[in-house]
Amino acid sequence: IISMAAEPDGSINSLKSTSHNVNVTDPCYKIFDAFMFCMTPTNQMANYYRYGIPDWCPDLFNKWTLCMSLKMKKPEEAEAVRKQALDRDKVGHMWEFKPTYTGQARAL
């Protein structure tokens with residue numbers, strides 16, 4: 001599934017693939033495996049056929065390089081960077097809500 005990633009200010013920045021269920025907390029080999037699958041012609045053609053655009057793989061590559069760089073850091077530093085990456089990956093609402101409904105929408 002392809003979705004538009006929304007910035008905290010509500011603007012849309014780029015296409016991101018949500019068909020690969022990997023997080024920064026997953027082992028590096030699992031992230032690398034998802035990245036390599038993303039690059040296969042089978043996956044690219046299937047995604048192009050279904051959605052009209054190729055699958056977005058740089059997101060997975062960035063997660064893999066981040067995972068590998070965390071292996072070189074001290075555990076405290078790695079945990080801080082991991083938390084920042086998880087917060088950055090969270091996508092907010094894509095729609096702007098009327099002021100009276102903002103609190104209810106944020107609670108979901």
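1. Let's start with a term you'll need: a residue is buried when its relative accessible area is under 20%, exposed when that value is over 50%, and partly exposed in between. Try it on Trp64: at 23% relative accessibility, this residue counts as partly exposed. Keep those cut-offs handy, as they come back in several points below.

2. Before going further, remember that this is a predicted model. The mean pLDDT of the chain is 76, and 63% of its residues reach 70 or more. Go carefully at the start of the chain: over residues 1–16 the pLDDT stays under 50. The model does have 38 contacts beyond four places in sequence for that stretch. Still, where pLDDT is low, the predicted coordinates should not be read in detail.

3. Now to the core. Which residues make up the largest nonpolar core? There are nine of them: Val22, Cys28, Ile31, Ala34, Phe35, Cys38, Cys57, Leu60 and Cys67. Two elements give two or more residues to this core, namely helix 1 (28–39) and helix 3 (58–70). Helix 1 provides the largest share, with five residues. As background, nonpolar side chains in soluble globular proteins tend to be buried together.

4. There is also a second core, separate from the one above, with five residues. Among them are Leu66, Leu70, Ala78 and Ala85.

5. Next, the disulfides, of which the structure holds two. Take Cys28 and Cys67, whose sulfur atoms sit 1.9 Å apart. Their link is left-handed, with -95° about the S-S bond. Since Cys28 belongs to helix 1 and Cys67 to helix 3, the pair ties together parts that are 39 residues apart in sequence. Are these two cysteines buried or exposed? Cys28 is buried, with a relative accessible area of 10%, and Cys67 counts as buried too, at 5% relative accessibility.

6. The other disulfide joins Cys38 to Cys57, with an S to S distance of 1.9 Å. The torsion about this S-S bond is about -90°, so the disulfide is left-handed. Have a look at where the ends sit: Cys38 is in helix 1, while Cys57 is in the loop between helix 2 and helix 3. That makes it a link between distant parts of the chain, 19 residues apart. Both Cys38 and Cys57 are buried. If you count the bonded cysteines along the chain, the disulfides follow the pattern 1-4, 2-3.

7. Stay with Cys57 for a moment. What does Cys57 touch once you leave aside its neighbours within four places in sequence? The contacts are Phe35, Cys38, Met39 and Gln44. Phe35 and Cys38 are also members of the largest nonpolar core, whereas Gln44 is a residue of helix 2.

8. On to the rings: the structure holds three aromatic pairs. One of them is Phe32 with Trp64, a tilted pair with 4.9 Å centre to centre and 45° between the planes. Phe32 lies in helix 1 and Trp64 in helix 3, so this pair ties together parts that are 32 residues apart in sequence. Phe32 is partly exposed, with a relative accessible area of 34%.

9. Trp64 also pairs with Phe61. The centres of these two rings are 6.1 Å apart and the planes are at 45°, so this pair is tilted. Both residues lie in helix 3, three residues apart, which is about one turn of the helix. A bit of helix geometry helps here: an α-helix has 3.6 residues a turn, so residues three or four places apart point the same way. Phe61 counts as partly exposed, at 35% relative accessibility. Taken together, Phe32, Phe35, Phe61 and Trp64 form one aromatic cluster.

10. Finally, helix 2, which covers residues 41–51. Which residues of helix 2 are buried? They are Asn43, Gln44 and Asn47. Looking down the helix axis, the buried residues fall within an arc of 100°, so they line one face of helix 2. Over on the other side, Pro41, Thr42, Met45 and Tyr49 are exposed. Just after the helix comes Gly52, which takes a positive phi of about 85°.

Key. Residues are numbered from 1 along each chain as its sequence is written. This is a predicted model: local features need pLDDT of at least 70, side-chain atom pairs count only at pLDDT 80 or more; totals for chains, interfaces and linings use all residues. Side-chain values use heavy atoms; hydrogens and water are left out. Buried means under 20% relative accessible area, exposed over 50%, partly exposed in between (1.4 Å probe, protein chains only). Helices (H or I, at least four residues) and strands (E, at least two) are DSSP runs, numbered from the N terminus. The arc is that of the directions from the helix axis to the C-beta atoms. A nonpolar core is a set of buried Ala, Val, Leu, Ile, Met, Phe, Trp, Tyr and Cys residues joined through side-chain atoms within 4.5 Å. Contact means heavy atoms within 4.5 Å. Rings of Phe, Tyr and Trp (its six-membered ring) pair if their centres lie within 6.5 Å; planes under 30 degrees apart count as stacked, over 60 as edge-to-face and the rest as tilted. A disulfide is a pair of cysteine sulfur atoms within 2.5 Å. pLDDT is the predictor's confidence in each residue, from 0 to 100.
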